[in-house]
Amino acid sequence: MRIYVYTHIKKTLYLYIRKHIKTPSRKSLYIAIRMYVYITKSINIYSDIHMSLEQYCSICGKQHVTWKNTLGTLCVMCYCYVTTKKYLMMKILTVANRKGGAGKSTCAAHIAYEAVKSGLQVILIDMDPQKTLETWWQKREEENPFLVDTNADGLPDMLQKLAEKNFDLCVIDTPGDASVNASAGVKAADLILIPSKPTPPDLAAIGRTISLVEENKKSFAFVITQGIVRTKATLQAASVLSQFGAVAPSVITNRTSYANAMGQGASAGSFDKVAEEEISSVWQFISGRLFDEQKNIKQKLTA
């Protein structure tokens, strides 16, 4: 029994590290062992390899499992924690569009707000010199989402440090150009969200952003911003964008509540029921692509 369990752990660690981690570290081993707990779905199996129960889970009230090895004591979260979170390490969402005025900062702020509402620890990085996202954050009283400063050169190291601090989601806001800040944000992302207004100039310019994303071989999705529901222009925009990639099922409409929210450090959904439904739908669409393992999730478009 002891040999089998050790072999299983070793194989699991090896497969995970080979797939995700170039240089194994204490953090990578910690994540891999959590994945092992998820696979076995059992605590009793650990009794033969010197594991012990300590602390308590804030979700189910059960005790955590710890494993003492040469690295020290590693806390392995219980099965309910892993399945509730649906992820094993920090995800990075970059909001990008090489054309200005598409509503990138508004999207980033509201997505971060929804992620916090769902129980995630969120960190913001504002790579746009205009600092619209940072201005929104400074007007908030709550700490979560948090914010950190960095530049294009320091972004990779900063993301590694943030992952070690157990953040669940990093949202990066980028400038509407082809600068090094925009490129760095795209290169770092697990998923690129491309906001676009449903106007001919915006749709004509979307190809530049798609080229940048595809050059870096990144997954991406669109969301229509500043649209008017059930209009020909919005429906045509959805049709055009869907030829290149997935489109969020809800449109972020042209409502004054979004501008007011950005000026108050709040969410438009706090005082606008329609906006709340729009943002919630967009967040469900994005979180499904960031955290869920299911592929090819299709949803009907609400325009």
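Below, a biologist asks about a predicted model and a modeller answers.

Residues are numbered from 1 along each chain as its sequence is written. Local features need pLDDT of at least 70, side-chain atom pairs count only at pLDDT 80 or more, totals for chains, interfaces and linings use all residues, and side-chain values use heavy atoms, leaving out hydrogens and water.

Biologist: What pLDDT does the protein chain average?
Modeller: pLDDT is the predictor's confidence in each residue, from 0 to 100. Here 67% of the residues score at least 70. Over residues 1-6 it is below 50. The chain average is 77.

Biologist: Is H4 roughly parallel or roughly perpendicular to H10?
Modeller: Helices are DSSP runs (H or I, at least four residues), numbered from the N terminus. H4 (residues 104-117) and H10 (residues 256-264) pack at about 70°, with axes 11 Å apart. Angles of 65 to 115 degrees count as roughly perpendicular, under 35 as roughly parallel. So H4 against H10 is roughly perpendicular.

Biologist: Which residues in H10 does H4 meet?
Modeller: Contact means heavy atoms within 4.5 Å. From H4 come Ser105, Thr106, Ala109 and His110. Their partners in H10 are Tyr258, Ala261 and Met262.

Biologist: Which helix gives the largest share of the largest nonpolar core?
Modeller: A nonpolar core is a set of buried (under 20% relative accessible area, 1.4 Å probe, protein chains only) Ala, Val, Leu, Ile, Met, Phe, Trp, Tyr and Cys residues joined through side-chain atoms within 4.5 Å. The largest has 34 residues, and Val171 and Ile286 are among those touching the most other members. Eight residues come from residues 273-291, helix H11.

Notes
Axes are lines fitted to C-alpha atoms, for helices over the stretch in contact, and angles run from 0 to 180 degrees between N-to-C directions. Helices (H or I, at least four residues) and strands (E, at least two) are DSSP runs, numbered from the N terminus. Angles under 35 degrees count as roughly parallel, over 145 as roughly antiparallel, 65 to 115 as roughly perpendicular and the rest as oblique. Buried means under 20% relative accessible area, exposed over 50%, partly exposed in between (1.4 Å probe, protein chains only).
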